[in-house]
Amino acid sequence: MARLRKELTSQAPLTPALTSWAEALGDAIGRGMLRALNTGMPQMGSVAPSPGNGAVMAGRRRGRPPKTVAGGPVPMDRRCTVNGCTREQRSKGLCSAHYQAERRRQIATGKPA
């Protein structure tokens, strides 16, 4: 049910199209607030945005996605060269975690990464 519109006291009159748009926007905001009060606020990332509306998923990670585990452990020739690490190597014989740690160490000591 639409509320009665309050008369504006400004000097510039609103066009009928702008007035109806403002009323529709107010109703939509009111419905959204009512839904939030009745059902609670949705958690971040729980509502999947529809494609094409420009929304960004909140829980999305940056960078290269992790490889899916196809089955079984990583072969010895593809494992990280750090003792005790069983992850697959990605660059320079290191897994992504150890590569980034080494890169941070080099940057901290002033060597080019």
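Which residue forms a salt bridge with arginine 105, and how many Å apart are the closest N and O atoms? Here are some notes on this predicted model, starting with that pair.

1. **The pair in H2.** The partner of arginine 105 is glutamate 102, and the closest N and O atoms of this salt bridge lie 3.0 Å apart. Both residues belong to helix H2, and because they are three residues apart there, about one helical turn separates them. In general, an α-helix has 3.6 residues a turn, so residues three or four places apart point the same way. Arginine 105 is partly exposed, at 48% relative accessible area, and glutamate 102 also counts as partly exposed, at 30%.

2. **A second salt bridge, in the loop.** Searching the whole structure turns up two salt bridges. Besides the one in H2, arginine 78 forms a salt bridge with glutamate 88, with 3.5 Å between the closest N and O atoms. This pair links distant parts of the chain: arginine 78 and glutamate 88 are 10 residues apart, each in the loop between H1 and H2. Arginine 78 is partly exposed, with a relative accessibility of 34%, and glutamate 88 is partly exposed at 29%.

3. **Glutamine 89.** Please have a look at glutamine 89, which sits in the loop between H1 and H2. Is it buried or exposed? Glutamine 89 has a relative accessible area of 18%, under the 20% cut-off, so it counts as buried. Its side chain comes to 2.9 Å from the backbone oxygen of arginine 79. Leaving aside residues up to four places away in sequence, glutamine 89 touches Asp77, Arg78, Arg79, Cys80, Leu94 and Cys95. Arginine 78, one of those neighbours, is the residue that pairs with glutamate 88.

4. **Lysine 92.** Which backbone angle is worth a check at lysine 92? Its phi is positive, about 55°, although lysine 92 is not a glycine. For background, most residues other than glycine have a negative phi. Lysine 92 lies in the loop between helix H1 (16–39) and helix H2 (96–108), and the residue is exposed, with 68% relative accessible area.

5. **Helix H1 and what follows it.** How far apart are the end C-alpha atoms of H1? They are 34 Å apart, and this agrees with the 34 Å that the 24 residues of H1 should span at 1.5 Å a residue. Right after H1 comes glycine 40, with a positive phi near 90°.

6. **A nonpolar patch.** Leu14, Leu18, Trp21, Leu25, Ile29 and Met33 make up a nonpolar patch on the surface, and together they have about 600 Å² of accessible area. Leucine 14, one of the patch members, is located in the segment before H1. At 42% relative accessibility, leucine 14 is partly exposed.

7. **The protein as a whole.** The protein has two helices and zero strands. Among its 113 residues, 7% count as buried; glutamine 89 is a buried residue in the loop. Of the contacts between residues at least 6 apart in sequence, 8% join residues at least 24 apart. The protein exposes about 10,500 Å², and 58% of that area is supplied by carbon and sulfur atoms.

Note on methods: Residues numbered from 1 in each chain as written. Predicted model: local features only at pLDDT ≥ 70, side-chain atom pairs only at ≥ 80, totals over all residues. Heavy atoms only, no water. Helix = DSSP H or I, 4+ residues; strand = E, 2+ residues; numbered from the N terminus. Buried < 20%, exposed > 50% of the residue type's maximum accessible area, 1.4 Å probe, protein only. Expected span 1.5 Å × (residues − 1). Patch = residues over 30% accessible without salt bridge, like charges linked within 9 Å, V, L, I, M, F, W, Y side chains within 5 Å. Areas by Shrake-Rupley, 256 points an atom, 1.4 Å probe, with all protein chains shown as cover. Salt bridge = Lys/Arg side-chain N within 4 Å of Asp/Glu carboxyl O. Polar contact = N/O pair within 3.5 Å; in protein donor to acceptor, adjacent residues only side chain to side chain. Contact = heavy atoms within 4.5 Å.
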